[in-house]
Amino acid sequence: MEAGIAKRTENDQKVNGLINANSTVEAAAFINQYSLELKESFEFTRTLFISRESYLLDIFALSRQATFYPLLIKTYKLDDSDGKDNFKRIAQLVEIICFRLSIIGSRADKGREFLYGLARDFNGNFQRLVTELQEFVDWYCGDIAFERALKSPSFHSDVNLNEQRYLFWKYENYLRDIDGYSEMPYVEFTNDNPQSKFSMEHIIPQNPKESKVVEDNSILSTTDFASPEFKEDYLHSIGNLTIDPISANASKSN
């Protein structure tokens, strides 16, 4: 939004300057051209919103795309490749950045000015833009910080629930693909029905003293999972979490 406001302010100043200089013909031509470009941008935005392409739905599922709209619109507009392959590559990098930033706990607007600058200066050189976005990953959400966040013993409380669900949705589909099953579609993942929508759940429950854990047809001692060490290091870690429909999880209790 800030980028749009700044652009409008810049355009207002230019128009006022032309009018004050009695260059009314130029002012009218500038206003007409700007209006045409604005209309075109709205049309591209609508195209992105109604798209069912998986690489765009992934971005929307993360709900952190606002900062990237100028870049997505500009790259979509300037991509004349068959099937928008260049734009697809950029969208996939945007998804990676959105996901990594959310996992490491960064604000949604982190690196915003840099990204706005990329959109402003982009002239169709997709290879250069790919390199710049890869550098952005290294600077703002690199491997070390990303891996540290994934391994955190407090992963469940550190990471937004939507991003947790997104991670396990992707992991679910990764496992399904290995075994030859059809993927869980976007519409199922984003289902908002109070009974059937997916929630994040603990495998070993948060109240282990009230439960029995069955493995290989034998009941394990629940005291193994009630120890302070387990609670501190593993209870809320990524390895003790899964997605489950709310209704199904409620029936399992502990």
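Does E132, at 19% relative accessibility, count as buried or exposed? In this predicted model, E132 counts as buried, because its relative accessibility of 19% falls under the 20% limit that defines the class. The residue lies in helix α7, and its setting is best described after an outline of the chain as a whole.

The chain comprises 254 residues, of which 37% are buried, and its secondary structure consists of 13 helices and four strands. Contacts between residues at least 6 apart in sequence are dominated by long separations, in that 72% of them join residues at least 24 apart. The accessible surface of the chain amounts to about 15500 Å², and carbon and sulfur atoms account for 51% of that area.

The packing of helix α5 against helix α7 was examined in detail. Two packed helices are described by the angle between their axes and the distance between the axes. For α5, which spans residues 85-103, and α7, which spans residues 126-140, the angle is about 5° and the axes are 10 Å apart. The two helices are therefore classed as roughly parallel, since the limit for that description is an angle under 35 degrees. On the α5 side, the contact is made by N86, F87, R89, I90, L93, I97, R100 and L101, while α7 contributes F126, L129, V130, L133, Q134, F136, V137 and Y140. Sorted by class, the residues in this contact comprise 12 nonpolar, two polar and two charged members.

Within this contact, V130 of helix α7 offers a view at the level of a single residue. V130 counts as buried because its relative accessibility is 9%, which is under the 20% limit. When neighbours within four places in sequence are left aside, V130 is in contact with R89, I90 and L93, three residues that are also listed among those of α5 in the contact between the helices. Although V130 and I90 are 40 residues apart along the chain, their C-alpha atoms are separated by 6.7 Å.

Helix α7 also holds the salt bridge between E132 and R128, for which the N to O distance is 3.4 Å. The two residues are four positions apart in the helix, or about one turn. Their exposure differs in class: E132 is buried at 19% relative accessibility, whereas R128, at 54%, counts as exposed.

In total, eight salt bridges were counted in the model. One of them joins D58 to K170, with the closest N and O atoms 2.9 Å apart. This pair links distant parts of the chain, since D58 belongs to helix α3 (residues 54-62) and K170 to helix α10 (residues 161-179), with their positions 112 residues apart in sequence. D58 is assigned to the buried class on the basis of a relative accessibility of 12%, while K170, at 30%, is assigned to the partly exposed class.

A further salt bridge is formed by E147 and K151, whose closest N and O atoms are 2.7 Å apart. In this case E147 is partly exposed, with a relative accessibility of 41%, and K151 is exposed, with a value of 60%. Finally, D109, R112 and E113 are linked to one another in a network of salt bridges.

Technical notes:
Residues numbered from 1 in each chain as written. Predicted model: local features only at pLDDT ≥ 70, side-chain atom pairs only at ≥ 80, totals over all residues. Heavy atoms only, no water. Axes fitted to C-alpha atoms, helices over the stretch in contact; angles between N-to-C directions. Parallel < 35°, antiparallel > 145°, perpendicular 65-115°, else oblique. Contact = heavy atoms within 4.5 Å. Nonpolar A, V, L, I, M, F, W, Y, C, P; charged D, E, K, R; others polar. Buried < 20%, exposed > 50% of the residue type's maximum accessible area, 1.4 Å probe, protein only. Areas by Shrake-Rupley, 256 points an atom, 1.4 Å probe, with all protein chains shown as cover. Salt bridge = Lys/Arg side-chain N within 4 Å of Asp/Glu carboxyl O.
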